[in-house]
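Visitor: I am new to this structure and would like to be guided through its sheet and its salt bridges. May we begin by looking at it?

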Amino acid sequence: MAAPSANLSVNGDRLWDSLMEMAKIGPGVAGGNNRQTLTDADAEGRALFQKWCEDAGCTMGLDTMGNMFAMREGSDPDALPVYMGSHLDTQPTGGKYDGVLGVLGALEVIRTLNDLNIKTKHPIVVTNWTNEEGTRFAPAMLSSGVFAGVHTQDWAYAREDAEGKSFGAELERIGWKGDEEVGARKMHAMFELHIEQGPILEAEGKDIGVVTHGQGLSWTQVTVTGKDAHTGSTPMPMRKNAGLGMARILEKVDEIAWSHKPHAVGAAGHIDVYPNSRNVIPGKVVFTVDFRSPELAVIEDMEARLKVEAQAICDEMGLEVAFEKVGGFDPVAFDEGCVGAVRAAAERLGYSHLDIISGAGHDACWINQVAPTAMIMCPCVDGLSHNEAEEISKEWAKAGADVLCHAVVETAGIVE
């Protein structure tokens with residue numbers, strides 16, 4: 001396909017205005033967002049996104065996992081669409097850009113093509129994937145995983161949040177369950193724009209991250225069971241303190257990750273303590289250990305060592321322990337052709353760029369299994385993400401959307 005002209009550029013002000021308008025929905029308490037998946041705020045954000053897409057002349061498709069697909073027609077009715085997008089759901093204390101930049105940056109590409117009356121051979125589709133974050137319903141990237149055949153829809157529908165509400169029931173409740181079969185769509189290619197969520201691009205002074213690989217991820221939910229007891233009247237030798245067991249296990253998690261430095265990481269971010277009362281020794285704790293590495297063998301080693309070490313700790317303390325793999329994916333190598341289109345776009349536009357490995361999971365990691373896929377990253381301030389203080393600049397957002405536009409348009413083919 002012919003490369004687009006270097007003067008093809010998105011409207012950075014319009015993109016920024018869209019980001020700020022979406023951020024008004026599901027506001028956080030400290031300047032960010034709390035627009036968790038399948039909440040009323042999620043439904044409101046979806047409605048606004050659909051309105052914007054229809055205003056841009058797109059037709060909206062909706063599948064049975066709630067994935068949204070806004071299509072701009074191509075000149076060839078038989079050509080497979082080129083997809084781009086990310087997710088609109090956020091963490092409970094999320095920022096205004098994680099995921100949202102990829103969706104609204106893709107919409108800005110459509111608006112720009114409309115402004116310039118550019119037609120493409122392949123249709124172009126803007127996607128909002130449901131429940132990328134995985135905070136309310138584990139695992140992360142749930143709906144793109146069903147699309148790619150990694151999970152079954154029945155299993156996904158049965159996922160429950162902390163209040164026992166199921167994914168399927170909540171999808172019905174907010175009115176965003178479609179009729180289209182998940183995964184029935186075929187893709188020519190897929191591109192995802194995202195903030196880096198790490199400090200490398202900013203530290204190196206680079207405008208664009210050309211994502212060549214994605215780190216593998218393993219989520220193991222660990223349940224430690226002891227015995228609830230009064231903190232004041234239970235002698236130390238007679239305690240079965242599940243909280244203390246967890247603390248000792250988490251020290252081992254840190255040791256295991258450090259043993260595979262510099263690229264492996266590990267921690268527990270989700271922790272529930274029962275009964276969570278000031279004067280009751282915890283009788284049960286449930287926490288999720290998150291291990292990541294670009295090497296599959298390292299992930300497997302960390303998982304195995306976690307089970308051995310945690311079992312030994314609990315045996316010594318008279319505690320019960322159970323393990324459940326609640327999420328994960330192998331390291332990802334993105335499509336060389338799509339990665340090349342991203343790199344060429346950055347060079348054509350004069351943006352400085354760097355090949356990087358994504359440290360976080362993204363919907364593109366699953367879609368890569370069913371279609372040629374690549375990712376584009378822009379810097380974020382101090383590498384901070386999953387935090388209401390998450391911040392990017394208007395210039396970074398525009399640069400990322402410009403590269404997305406060029407890579408997508410080149411892949412979709414300009415009709416002269």
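Guide: Two strands pair if DSSP finds at least two bridges between them. Please keep in mind that this is a predicted model.

Visitor: In what order do the four strands of the open sheet lie?

Guide: The sheet is open and its pairing is antiparallel. Its edge strands, β10 (265-274) and β13 (320-329), each pair on one side only. From one strand to the next the twist averages 15 degrees. The order is therefore read from one edge to the other, since each edge strand pairs on one side only: β10-β12-β8-β13.

Visitor: Which residue in β12 stands opposite A267?

Guide: Strand β12 covers residues 284-293 and runs antiparallel to β10, with nine bridges joining the two. The residue opposite A267 is D290.

Visitor: Which helix packs on the sheet?

Guide: The helix in question touches β8 (216-225), β10 and β12. Its direction makes about 5 degrees with that of β12. It spans residues 242-258 and is helix α8.

Visitor: Which residues does the UniProt annotation "domain: Peptidase M20 dimerisation" cover?

Guide: The annotation comes from an unreviewed UniProt entry. The span it marks is 34% helix and 35% strand, and its end C-alpha atoms lie 27 Å apart. The residues covered are 215-311.

Visitor: Is K24, which forms a salt bridge with E21, buried or exposed?

Guide: The closest N and O atoms of K24 and E21 are 3.2 Å apart. E21 is partly exposed, with a relative accessible area of 35%. For K24 the relative accessibility is 57%, and exposed means over 50%. K24 therefore counts as exposed.

Visitor: By about how much of the helix are R173 and E170 separated?

Guide: These two residues form a salt bridge, with the closest N and O atoms 3.0 Å apart. R173 is partly exposed at 45% relative accessible area, whereas E170 is buried at 6%. Both residues also belong to a network of salt bridges with D40, R136 and D161. Because they are three residues apart in helix α6 (residues 167-173), their separation is about one helical turn.

Visitor: How many residues apart in sequence are the parts that E303 and K325 tie together?

Guide: The side chains of E303 and K325 meet in a salt bridge of 2.9 Å, N to O. E303 lies in helix α9 (residues 296-317) and K325 in strand β13, so the pair ties together parts whose separation in sequence is 22 residues.

Visitor: How many salt bridges does a search of the whole structure find?

Guide: The pairs discussed include K24 with E21 and E303 with K325. Searching the whole structure gives a total of 21.

Notes: Residues are numbered from 1 along each chain as its sequence is written. This is a predicted model: local features need pLDDT of at least 70, side-chain atom pairs count only at pLDDT 80 or more; totals for chains, interfaces and linings use all residues. Side-chain values use heavy atoms; hydrogens and water are left out. Axes are lines fitted to C-alpha atoms, for helices over the stretch in contact, and angles run from 0 to 180 degrees between N-to-C directions. Contact means heavy atoms within 4.5 Å. UniProt positions are given in the numbering used here, feature names are shortened, and annotations may be inferred rather than shown by experiment. A salt bridge is a side-chain nitrogen of Lys or Arg within 4 Å of a carboxyl oxygen of Asp or Glu. Buried means under 20% relative accessible area, exposed over 50%, partly exposed in between (1.4 Å probe, protein chains only).
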